[in-house]
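Work through the exercises below with the model open. Try each task before reading its solution.

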Amino acid sequence: MTAVAVLAALAGSPGPAQAEQPYTSGPSSTTDGHPLPPGWRIDGEDGARELVWRTPKAVPMGDARVEFRTGDRLLGAPKPARDGKTFRLALGGTPPGQLTDLQVTAAGRRLDAAADDTHRSGSRVARMPAQAPANGVDPGRPGSYRTVTGEYDLDPVRLPGFDTPVEMTAEVVAPKGATGSRPLALFLHGRHDTCYKPGSEDDVTGDWPCADGYKPIPSHLGYLRDQRLLASQGYVTVSVSANGINAQDWEAEDAGAQARSSLVRQHLARWADWSAHRSSAPAVVREAAKADLSRVLLVGHSRGGEGVNRAAMDSLYPPPAAEDGYRGPVRWKVRGTVLIGPTVFGQNPVADVPSVTLLPGCDGDVSDLQGENFVDGTRGISRGTALHSAVYMVGANHNYFNREWTPGEAVAPAGDDFRTDPEQPDPVCTPGAATRLTAAQQHKAGATYIAAAARLFVAGDDRVRPLLDGSGTRAPSADPARVLTHAVGGRRSGGFLPDGGVKVTGARLCSAVDPDPAAACLDPETPGSSPHFAWWETEQETGRGAVDLKWSAPGTAARVTPAEPLSLRGSQKLALRVLVPPNTTGTKFDVSVTDSSGRRATLGSVRVDGLPGSASTASYWAQELRVPLSAATRAGLDLGHVTSLELTPRSQSGRAWLMDAWGWAPGTPAVKAAALPRVDVGRTIVEEGDSGTRTYRVPVEISGHGSGQVRVYVLDPDGGRTENRLVTVRPGSDTIDVPVEVKGDTVYGYDVEHDIAVKAVHNAVVGKHRGGLTVGNDDPEPVITLSPVADRVTEGETLTWRLSVDAPIAVDVWQPVRVLPVTEGAELSTKDVDPQWLMDWSGDVPDPERPLSDASLWVWLNIPPGSTSVDFVVPIVRDQVAEPTESMRLALTDGNAEPLPDGPVLTGTVLDRP
């Protein structure tokens with residue numbers, strides 16, 4: 001039987017390769033010939049097989065989820081070690097032969113490789129977008145109210161799934177002396193280090209509570225500037241601490257979204273109590289204006305953004321009680337959310353709560369700008385009256401929206417999350433570049449757009465809407481930041497969408513996420529990325545796409561024909577969301593529509609320039625372009641029955657993607673949340689048993705009201721294949737029926753997860769989007785032994801040891817062995833073994849000659865399923881040099897290359913050939 005080994009350097013990070021038995025199969029490889037990259041190995045503790053990646057430099061604790069992938073396929077989110085350098089992922093039933101093209105990513109950004117910017121712009125230079133005209137109202141100007149500031153610190157709360165209670169600490173900034181009840185704005189920070197050692201430059205941890213000598217990092221104090229601006233304008237503001245969640249959310253399947261929602265609602269419940277009984281409130285709350293819980297704005301940064309989105313959802317559509325950390329009545333109304341560089345792992349936005357999503361153009365943490373889904377993901381879900389705005393801020397990074405994450409302002413160590421190589425500075429985001437904002441500029445711009453959302457969603461001032469809905473105006477308070485916006489919802493109607501039933505000619509309908517470059521909207525090899533095409537749980541998605549236009553000469557129209565005619569009646573303009581490659585200029589189109597009688601009208605022309613971008617930015621972002629519908633009215637078109645949209649390129653050549661097009665009219669309609677069914681996927685853990693076959697079902701709870709549609713993705717635990725189907729759901733129904741057949745045996749195996757992922761399609765909301773059935777191995781781990789086969793040989797022969805298990809196995813068993821220094825006599829050297837063998841097994845060369853134990857020979861041997869042993873063979877070369885008897889020592893080790901305390905150390909002896 002052929003041996004399979006993973007090699008790792010004993011000094012520093014693990015080594016470079018995985019190898020088949022080298023003397024017969026050549027280069028180091030896995031079972032189907034693909035090497036493991038440097039830093040990777042397969043490990044096992046108590047029989048649980050894990051894929052391990054170690055990096056010499058710690059990965060900072062951030063909001064983007066660290067993920068292991070094989071190409072475009074998601075393997076899972078690994079668990080971090082405390083040092084931030086080692087990440088472990090349970091492999092379950094994944095065969096080793098599928099561990100090819102291994103990647104470590106966070107929000108689409110490679111952590112194990114540098115971005116390839118060799119073709120970042122060619123002759124194109126990143127240029128600052130032109131300054132937009134000033135809006136008539138500037139929400140960034142301070143108001144007239146004096147403010148009061150203070151903290152409250154209540155008893156911590158226990159949240160489901162978390163062992164350690166979570167703090168109930170918050171900072172209040174409120175108007176002083178204001179009459180009547182005032183709207184409440186609640187801030188929730190994102191995932192960051194939790195503790196720091198005063199006086200140190202980089203001593204931070206993710207512990208909770210903090211160890212002796214360490215202090216909590218006050219992330220919740222990072223929004224004081226934003227709070228003071230809102231408080232001066234008449235809002236009561238509170239920023240809550242979530243360090244206890246940050247320290248534990250790596251254990252949560254949803255990365256802490258439900259826990260953060262529970263924490264937010266725990267605080268809102270206290271404020272509801274205090275509004276009713278002022279005497280019971282903390283001093284700072286009594287001193288502040290009374291909060292009006294019928295007008296609540298939730299502001300969340302990064303994972304805090306996903307958390308407040310879930311809190312808005314849970315306030316309308318209650319979650320399963322067993323998962324929820326707040327089970328009281330809802331005594332508040334969320335009027336809107338502001339999501340700053342948010343994560344959206346579930347891709348489950350709340351369609352009927354208005355939102356503004358800030359997308360930082362130089363985000364080095366949630367770098368794929370996946371928060372765009374809080375806009376795109378609401379289309380077609382519900383009534384469509386809630387405005388969902390994306391605010392793209394050129395030159396902003398992730399951290400500097402929070403002063404406690406900003407170097408020079410934070411009390412704890414802090415840094416720029418956009419990391420750049422000094423030898424190859426990023427042309428867009430390196431500090432000092434013309435397109436990069438300073439921390440002060442960024443924070444001022446962020447505060448302005450938070451205030452704009454408050455003024456529109458809570459105060460109902462439609463005069464600030466043009467700052468948020470793609471109308472192309474600016475707030476002077478945010479200068480010099482260049483800010484672009486687009487939106488869906490509001491008073492938009494119709495909707496040319498690249499989804500099922502649409503026909504496209506003169507262009508192609510592309511898929512947002514697809515492993516086939518011919519089907520994907522953006523080739524995976526393209527430098528840079530698009531927020532619209534950010535990865536989710538699967539390597540291919542149904543229903544997410546765009547219209548891809550590519551032309552080498554002007555004049556050929558791309559036509560989009562929906563399945564049914566659309567109504568643009570009552571609209572003033574047609575609003576298109578179009579993205580073009582970064583750093584391009586002068587892309588032009590004529591825009592035309594046709595009605596059901598065949599009448600056609602050219603509405604006008606549009607021009608769009610690309611955003612500043614590089615290989616490290618997500619700058620393929622759609623800009624909103626508008627053309628009046630007056631030409632269609634003059635031509636007598638029936639705008640109640642529009643059958644097609646045409647884009648005719650007028651520039652010489654180019655590339656563009658149409659995300660959608662809508663009838664647009666000014667104004668902000670009242671929003672009333674629809675009664676919708678809610679889907680939550682649970683997890684059941686069962687043991688396989690010793691015999692027989694049993695069928696279990698993935699636990700899914702459907703609550704709420706009405707009926708809707710979701711798409712269910714069934715993830716194959718073995719091959720990574722994904723099947724999906726559209727399902728109609730109703731409360732209490734079992735329409736999401738995913739049976740799992742479990743066969744009992746007495747053969748050792750690994751735990752296997754049979755998972756599904758669910759996404760809302762129409763008239764539904766999804767809470768916990770992923771779960772499944774975990775089948776636990778209940779058979780004892782085999783006893784592994786190492787024994788000699790040929791341990792006394794002559795030059796030119798082979799030393800051989802046999803790794804064995806004492807019982808049959810159903811899975812790959814991995815066990816490391818290490819060559820140790822000899823304790824007496826002469827040791828075999830690097831020139832005593834076959835040089836190709838040495839290279840294949842250690843990645844090393846014979847020169848300079850040194851003891852074999854200095855050649856980093858730490859080898860992971862594999863016994864494949866159905867086998868009981870594998871041989872480790874060391875070929876000894878025959879030379880003409882007279883030498884004494886030499887030897888080598890071999891031992892079983894743990895996952896850190898330390899010999900097992902009770903394991904034997906075996907010696908192989910080589911005699912000189914006479």
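**Exercise 1. Salt bridges**

Task: Find which residues are linked with Arg 65 in a network of salt bridges.

Solution: Start from the criterion: a salt bridge is a side-chain nitrogen of Lys or Arg within 4 Å of a carboxyl oxygen of Asp or Glu. Arg 65 shares its network with Glu 67, Arg 69, Glu 253, Glu 537, Arg 683, Asp 755, Lys 768 and Arg 770. The whole structure holds 49 salt bridges. One caution applies: this is a predicted model, in which local features need pLDDT of at least 70 and side-chain atom pairs count only at pLDDT 80 or more, while totals for chains, interfaces and linings use all residues. Residues are numbered from 1 along each chain as its sequence is written, and side-chain values use heavy atoms, with hydrogens and water left out.

**Exercise 2. Three pairs compared**

Task: Take the salt bridges Arg 492 to Glu 624, Asp 590 to Arg 650 and Lys 831 to Asp 847. Locate each partner and give its exposure.

Solution: Two definitions come first. Helices (H or I, at least four residues) and strands (E, at least two) are DSSP runs, numbered from the N terminus. Buried means under 20% relative accessible area, exposed over 50%, and partly exposed in between (1.4 Å probe, protein chains only).

- Step 1. Arg 492 and Glu 624 meet at 2.9 Å, N to O. Arg 492 sits in the loop between strand 22 (483–488) and strand 23 (493–496), and Glu 624 in strand 31 (residues 623–628), so their bridge ties together parts 132 residues apart in sequence. Arg 492 is buried, at 10% relative accessibility. Glu 624 is buried too, at 11%.
- Step 2. Asp 590 and Arg 650 meet at 2.7 Å, N to O. This pair links distant parts of the chain, 60 residues apart: Asp 590 is in strand 29 (residues 587–595), Arg 650 in the loop between strand 32 (642–649) and strand 33 (654–664). Asp 590 counts as buried at 14%. Arg 650 counts as partly exposed at 43%.
- Step 3. For Lys 831 and Asp 847, the closest N and O atoms are 2.9 Å apart. Lys 831 lies in the loop between strand 48 (826–827) and helix 10 (835–842), and Asp 847 in the loop between helix 10 and strand 49 (858–863), so the pair ties together parts 16 residues apart in sequence. Lys 831 is partly exposed at 40%. Asp 847 is partly exposed at 49%.

**Exercise 3. Strand 49**

Task: Explain why strand 49 counts as largely enclosed, then find its antiparallel partner.

Solution: Count first. Of its 6 residues, 6 are buried, so the rest of the structure largely encloses strand 49. Now check the faces. Trp 858, Trp 860 and Asn 862 are buried on one side, and Val 859, Leu 861 and Ile 863 on the other. Then apply the pairing rule: two strands pair if DSSP finds at least two bridges between them. Strand 47 (residues 813–820) runs antiparallel to strand 49, joined by 6 bridges. Gln 815 stands opposite Leu 861.

**Exercise 4. His 754 and its sheet**

Task: Place His 754 in its strand and describe the sheet around strand 41.

Solution: His 754 belongs to strand 41 (residues 752–762). His 754 is partly exposed, at 22% relative accessibility. Contact means heavy atoms within 4.5 Å. Beyond four places in sequence, His 754 contacts Val 698, Pro 717, Val 740, Gly 771, Gly 772, Leu 773 and Val 775. Gly 772 is 18 residues away in sequence, yet 5.5 Å away in space, C-alpha to C-alpha.

Next, the sheet. It is open and mixed, with 5 strands in the order 35-43-41-38-39. Strand 35 (683–687) and strand 39 (722–729) are the edges, each pairing on one side only. Strand 41 runs antiparallel to strand 43 (residues 770–776), with 6 bridges between them. Within that pairing, Ile 756 has Gly 771 as its bridge partner.

**Exercise 5. The second largest pocket**

Task: Which strand gives the most to the lining of the second largest pocket?

Solution: Strand 41 does, with 4 residues. Other elements supplying at least two residues each include helix 7 (373–376), strand 23 and strand 33.
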